[in-house]
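Biologist: I have not seen this structure before. Could you take me through it by question and answer?

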Amino acid sequence: DIVSLGLPVGVQVLAGANQAALSVATVSGAQFVRAEGFAFAHVADEGWMDGDAGELLRYRRQIKSDVSVYCDVQKKHSAHSVTADLGLMDWIEGALFCGADGVVVTGKSTGYAPDHKALGDLPEVKCPVLIGSGITPQNVSTYASYANGLIVGSYLKVDGHWQNEVCSKRAAAMRQAIDG
């Protein structure tokens, strides 16, 4: 299993069920949760999502968990009109101010990579940064240079669609691209 390999494991429970994710991660031995709606409110495809940083961090202290909280910034599948005056670095600074241990940067929706031109300042960020969507064998080296880790999901599925089964040929292609 992946935990015995020493690889970091995270938990996310949709949609914005961050306390549930923290509970699962704590009892399962995972190292981090991916929290939606941690800092800054936004309109997601599930509806309005309030920021829950204070509530989540108080809950983490209450259950005596040492699981890290990585939060999405400019979350995919969301409209950010309320925070349209904020750039990516403003979101990251806000997340860190609210107590995030790391951040996840995504594209506009599942399978879409973030605009790499907007990522130029990421190497200066003083926390772990994950790229959370749109990673392919063709762009893995580009995005790896901006981040501490990559979340790869839909590319690995048959036809690149998140609902399909894992495709062994796509997984092998990704492994080969990562290994260089």
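The questions below go through strands, helices, the core and a few single residues of this predicted model.

Biologist: Which residues of strand β7 are buried on the two sides?

Modeller: In a regular strand the side chains alternate between the two faces of the sheet. Strand β7 covers residues 102-105, and both of its faces are covered. On one side the buried residues are Gly102 and Val104, and on the other they are Val103 and Val105.

Biologist: In which sense does β7 pair with β5, and which residue of β7 is opposite Asp72?

Modeller: Strands of a sheet pair through backbone hydrogen bonds, either parallel or antiparallel. Strand β5, residues 68-73, is joined to β7 by four bridges, and the sense is parallel. Opposite Asp72 in β7 stands Val104.

Biologist: How many bridges join β7 to β8, and which residue of β8 stands opposite Val105?

Modeller: Strand β8 comprises residues 129-131 and runs parallel to β7, with three bridges between them. The residue of β8 opposite Val105 is Ile131.

Biologist: In what order do the strands of the open sheet lie, and which are the edge strands?

Modeller: Three strands form this open sheet, in the order β4-β3-β6, with antiparallel pairing. An edge strand here pairs on one side only, and this holds for β4 (47-49) and β6 (78-79).

Biologist: What is the bridge partner of Ala44 in β6?

Modeller: Strand β3, residues 42-44, and β6 run antiparallel and are joined by two bridges. In β6, Ala44 has as its bridge partner Ser78.

Biologist: Which residues of β2 are buried, and which residue of β2 stands opposite Val11?

Modeller: Both faces of β2 are covered, with Phe32 and Arg34 buried on one side and Val33 and Ala35 buried on the other. Strand β2 also pairs with β1 in the parallel sense, over two bridges. Opposite Val11 stands Val33.

Biologist: Where do the buried residues of α1 lie around the helix axis, and what do they pack against?

Modeller: The buried residues of α1 include Asn18, Ala21, Leu22 and Ala25. Seen down the helix axis, the buried residues of α1 fall within an arc of 100°, so they line one face of the helix. An α-helix has 3.6 residues a turn, so residues three or four places apart point the same way. The buried residues of α1 pack against β1 (10-11), β2 and α2.

Biologist: Which residue follows α1, and what is its phi?

Modeller: The residue after α1 is Gly29. Its phi is positive, near 85°.

Biologist: How many residues does the largest nonpolar core have, and which have the most contacts inside it?

Modeller: The largest nonpolar core has 38 residues. Elements that each supply at least two residues of this core include α1, β2, α2, β5, α3, β7, β8 and α4. Those with the most contacts inside it are Phe38, Val73 and Leu122.

Biologist: What does Val73 touch?

Modeller: Residues up to four places away in sequence are not counted here. Among those touched by Val73 are Leu88, Trp91, Ile92 and Ala95. The others include Val103, Val104, Val105 and Thr106.

Biologist: Why is the pair of Phe40 and Trp91 tilted?

Modeller: A search of the whole structure finds three aromatic pairs. In the pair of Phe40 and Trp91 the ring centres are 5.1 Å apart and the planes are at 50°, so the pair is tilted. Phe40 is in the loop between β2 and β3, and Trp91 is in helix α3, 51 residues apart.

Biologist: Are Phe40 and Trp91 buried or exposed?

Modeller: Buried means under 20% relative accessible area, and exposed means over 50%. Trp91 has 2% relative accessibility, so Trp91 is buried. Phe40 has 28%, so Phe40 is partly exposed.

Biologist: Where is Pro137 found, and which residues is it in contact with?

Modeller: Pro137 is found in the loop between β8 and α4, and Pro137 is buried at a relative accessible area of 17%. The C-alpha atoms of Pro137 and Met174 are 5.1 Å apart, with the two positions 37 residues apart in sequence numbering. Leaving aside neighbours within four places in sequence, the contacts of Pro137 are Tyr155, Ala173, Met174 and Ala177.

Biologist: Which residue lies over the face of Tyr155, and at what distance from the ring centre?

Modeller: The residue over the face of Tyr155 is Arg170. Its distance from the ring centre is 4.5 Å.

Key
Residues are numbered from 1 along each chain as its sequence is written. This is a predicted model: local features need pLDDT of at least 70, side-chain atom pairs count only at pLDDT 80 or more; totals for chains, interfaces and linings use all residues. Side-chain values use heavy atoms; hydrogens and water are left out. Buried means under 20% relative accessible area, exposed over 50%, partly exposed in between (1.4 Å probe, protein chains only). Two strands pair if DSSP finds at least two bridges between them. Rings of Phe, Tyr and Trp (its six-membered ring) pair if their centres lie within 6.5 Å; planes under 30 degrees apart count as stacked, over 60 as edge-to-face and the rest as tilted. A charge sits over a ring if NZ of Lys or CZ of Arg is within 6 Å of the ring centre and within 35 degrees of the ring normal. A nonpolar core is a set of buried Ala, Val, Leu, Ile, Met, Phe, Trp, Tyr and Cys residues joined through side-chain atoms within 4.5 Å. Contact means heavy atoms within 4.5 Å. The arc is that of the directions from the helix axis to the C-beta atoms.
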